[in-house]
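Got your viewer open and a selection box ready? Here is a short tour, one selection at a time.

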Amino acid sequence: MFEGWDAVVLARAQFAFTMSFHIVFPAFSIGLASYLAVLEALWLATKREVYINLFNYWLKIFAVAFGMGVVSGIVMSYQFGTNWSSFADKTGPVIGPMMAYEVLTAFFLEAGFLGVMLFGLERVGPRLHFVATLMVAIGTLISAFWILSANSWMQTPAGHAVNADGQFVAADWLKVIFNPSFPYRLVHMVLAAYLTTSLVVGGVGAWHLLRDQHLAGPRVMFSMAMWMATLVAPIQILAGDQHGLNTLEHQPAKVMAMEGHFQSHPNGAPLVLFGWPDMADAKVKYAIEVPKLSSLILKHSLDAPLAGLDTVPRENWPPVPITFWSFRIMVGLGFLILGLGLFSLLMRWRGLMYQSPLLHRFAVLMGPAGFIAVLAGWITTETGRQPFTVYGLLRTTDSVSPLAAPAVGSSLIAFIIVYFAVFTAGVIYILRLMAQPPHPGEQGPTKDLPARAAGITPAAGAVVEGAR
Amino acid sequence: MIDLATIWAFIIAFAVFVYVVMDGFDLGLGILFPLFPQKADRDVIMNTVAPVWDGNETWLVLGGGGMMAAFPLAYAVLMPALYTPMIAMLLGLVFRGVAFEFRWRTQKARNKWDLAFAGGSLVATLAQGIALGAILQGIHVEGRHYAGGWWDWLTAFSVLTGIALVIGYALLGATWLVMKTEGELRERAYHLSWILLVAMLCAIGAVSIATPFLAVQYTQRWFAWPNIILTAPVPIAVAAVTALLLRALGNKNDHQPFFLVLALFALSYAGLGISMYPYIVPQSITIWQAAAPANSQIFMLFGVSILVPLILGYTAWAYWVFRGKVRPGHGYH
C-alpha cells in the first residue's frame, strides 16, 4: 500500500489533517477560557447565582474541549520531527525557542491551574479559584502569542541569518518575534477565537430560548454572546482588511491567489466575486466580477495597478483554487456574523431579544460558523504561502524527513481512524452537555470527585444504578 | 568544561526525568486498570490523578520542544528513526488523555473508555521504553539525516527496555495507590507492589547486563579503570535503595515506597546518562555537534532559569491542594 505515492503529499495531508482537527479546540478554548473568567468575575462582583450556574455549565464543556486540545496538540509538537525533520533541523534554532517559550509560559500555566479551576473551588475558596481561572485564560492567550509569532515568522521571516550548516539562526530576537505579519495575525486570530466562542455560546442560548423564552441562564448567555458578536464582528472585518494589506505587502502571490488575479491589471483590477480558477489555463472561468473594486480595496484607488500571478514564476504559485475558495468562505461567514450581530442589535433595541424565534433560529444556525471560518482562514493563509514552509527561503519539498511513503501513509490512516473515532465521541459528549439547559445549582465537572453535599458521588451513582 | 551545550543537555535530561517522575505513575495507573475491574475502584484511581495529569504530560511537550530548540539536529535525526514508536505513543496518549473526561460523560460506553485508558497507557509506555532501547542500541546516521530503515528500532533489546518500562511505571502506579488510597484498594495495590518490585529488579538487572554488550563505549564507560570508581556507586546505591524499599513495604509505609521507587528510577536514569554522555545520538552525534547556535540557547536559558522554578512552584501547589487520600464518596482529607 502507498507504494508509488508521493511521500511529500502524504506528509502534507497528515499535517493538514491533524492541524485542522487541533485548531478547532484552541480556537474554542481561548475564547471560552476568557468567557469563564468574565462569568466568575461577574459572580464574585454581583453574587448573582445565574453567573455561577453558567460558569459551572460551561466549565464542564471546557474540560472536555480542553482535554481534546491537549492530546491533539502533543501530536503537533512531535510531528515536526517525525515528518518534517529537515524543517526541524533548519529552523529549529529560530522556531524551537519560540515553541519552548510557549510551553514554559503558557502550557504549564494552563495545565498547572486547570486542575484547581476544574475541581478546586471548595478546596481553595472563591478568590484563589478565580486566580486559577484567570491564569488558565491568560495562559491560552500567551500560547496564542507564541505560536502565532512562530507561524508568522514562517510567513514573513525577519531578523534571521543562515549559518554554515544551512540552519536559520536569529540575528535579532525582537525582529524575529515581532516579524511584519505577527501583530495582524495575532489580532485576527484572537478575535476569531472570541467570535467563534460567542457564536457557540449564542447558539446554545438560542437553542434553549426556542424551547423556553423565560430561562434565566440561556437569556444571560444569549445576550452576552450577541453583544460580543455585534461589537467584535465589525472590528474583525477591519482587522482582516488590515491583515490583507499586510499580506499584499509581504506575500503578494498569496493575495493574487485569494483574488484570482492570474493577469496583471495596470489600470485597476476587478474584484472577482465567484468563479473557478483554472491554473492550467491561468484564468478564472465563469467569473463574476466587479470592475476596479479590488484595486479600491487593496490600494484605495480605482485605477491603481495590481500585479498578477503572471509576474510570479510558475513553480512559485500557490494552489489557487483552494486559496481562492477558502478565502471566500471565510469572508462570507464573516459578513453573516456581522448580519447576526446587527439583527440582534435591532431586536434588542425593539425589546424582542428573547422573543424572536427568527433571531434564535439564525443564531443556532450560526453556532458552528466560527469554526468553519477559522478553518477556512487557516487554509487560506497556509495554502497561500505554498510552495514554501519559510516563505521565499525554504521550499516545502526541502522540509520533509527522509520519508518512505508507506510509513507516512500508514500513520496518516491511523490518525484519521483514531481522530474520527475519538473526537466524534468527544463532540457528541459536548453536544449532549449543551442539550441540557443550565439549571439552578448547576454542578461543575467535579463529576464523581467527592467533597460535595449534592451532586453525583460514586456512592449516589451506585444507589441510583442499584435502584434501576 | 561547563559550556552551553552541557548545560542544555542537563536541562533536557531534567525535563525528561521530571516527565518520567510525573507521568510515570500516571501511565502506571492506566497499566494497572485491568487489575481493578470494579467501577468504584476505577473512579477512585482516576480521581487520584485527574487534577494533575494534564500538567504531567506537559513535561513531554517540553522535552520534545526543548530538544528541537536546543539540539535541532538530534531531534531531526531521532524522530524519523523512532517514527513508529513515536506515532504509537502519540495515539496511545490521545486515547488515555480523552478517557479522563469521556468516561464520566457516558454510562453505556464507560467500559470502552476504561479500555482506551488502559490500552492507551500501555501502548504509550511500551513505545517510550522501546524508543529508549532503540536510542541506546545506536542509530544509523548519514550527513544530517537518519539513514536507517523503518524497522531498525525493533530488536530484542528494545522490546526488553519496553517491557522494563511497563513494569517500572506499573510499580510507580501501585506505590502511588498505596499512598493515595485506603482500605481494600490500598491492600491490593500493596500486594501488587511486591510482585512488581521483584519484576522491576529483574528488569533492571536484565537491561544492565544487556547494555554493555551493545557497544564498546558502554563497556569501557562502566568497567574501565578509573571510570569504575565513579560508576560503581550506582549499582551500590541501587542495592541500598532496594533494601530501604523492602523495609518500607514490609512496614506498610504510606509514602516511602513511592518515593523510593522514584529513587530507583533516578539511579537507573543516572546510569543511562553515564552510558550515553556526551552523545545525544549514541555513537554518532555528540551534544556539541547537535547544539543549536549559542544565541538560541542563551535566549532560552533566560526563560528556563526564571520560569522552571516558577512552574515547579505552582505545580507543587496544585499537588498540595489535592493532597491526602482519595476515598469514594468522602473526598480528600
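Where in chain A is confidence lowest, and where is it highest? This is a predicted model, so colour by pLDDT before anything else. In chain A, the low end is helix α14 (residues 458-467), with a mean of 34, and the high end is helix α6 (residues 182-211), at 95. Chain A as a whole averages 87, with 94% of the residues scoring at least 70.

Now select residues 448-468 of chain A. Throughout that stretch pLDDT stays under 50, and the model has 33 contacts there beyond four places in sequence. Where pLDDT is low, the predicted coordinates should not be read in detail.

Next, select helix α3 (residues 85-119) of chain A. A straight helix of 35 residues would span 51 Å at 1.5 Å a residue, but the end C-alpha atoms here span only 40 Å. Zoom in on A:G92: there is a kink of about 85° at that residue, shortly before the proline A:P93. Because 35 of the 35 residues of α3(A) are buried, the helix is largely enclosed by the rest of the structure.

Stay around A:P93 and pick A:A170, which sits in strand β2 (residues 168-170) of chain A. Beyond four places in sequence, A:A170 is in contact with A:P93, A:V94, A:G159, A:H160 and A:V176, and also with B:N295 and B:S296 from chain B. A:A170 has 22 C-beta neighbours inside 10 Å, so it counts as buried. Try a C-alpha to C-alpha distance to A:H160: the two are 10 residues apart in sequence and 4.4 Å apart in space.

Time to look at where the chains meet. Select the contact: chain B puts in 65 residues and chain A 64. On the chain B side, the elements giving two or more residues include α2 (39-47), α3 (53-70) and α14 (294-321). The biggest giver on that side is α5(B), with 13 residues. Colour the chain B side by class and you get 42 nonpolar, 16 polar and 7 charged residues.

For the core, select A:L36, A:W58, A:A65, B:F71, B:A74, B:V77 and B:L90: these have the most contacts inside the largest nonpolar core, which has 251 residues. Centre on B:A74, whose contacts beyond four places in sequence are B:M67, B:I280, B:V281, B:I285 and B:A290.

Last stop: helix α6 (residues 110-136) of chain B. Its 27 residues should span 39 Å at 1.5 Å a residue, and its end C-alpha atoms are 39 Å apart, which agrees. α6(B) is mostly covered, with 22 of its 27 residues buried. Just after this helix, check B:G138, which takes a positive phi of about 100°.

Technical notes:
Residues numbered from 1 in each chain as written. Chains lettered and ligands numbered in written order. Predicted model: local features only at pLDDT ≥ 70, side-chain atom pairs only at ≥ 80, totals over all residues. Core = buried A, V, L, I, M, F, W, Y, C linked by C-beta atoms within 7 Å. Buried ≥ 20, exposed ≤ 12 C-beta atoms within 10 Å, placed from the backbone. Contact = placed C-beta atoms within 7 Å. pLDDT = per-residue confidence, 0-100. Helix = DSSP H or I, 4+ residues; strand = E, 2+ residues; numbered from the N terminus. Nonpolar A, V, L, I, M, F, W, Y, C, P; charged D, E, K, R; others polar. Expected span 1.5 Å × (residues − 1). Bend = angle between axes of the 7 residues up to and from the residue.
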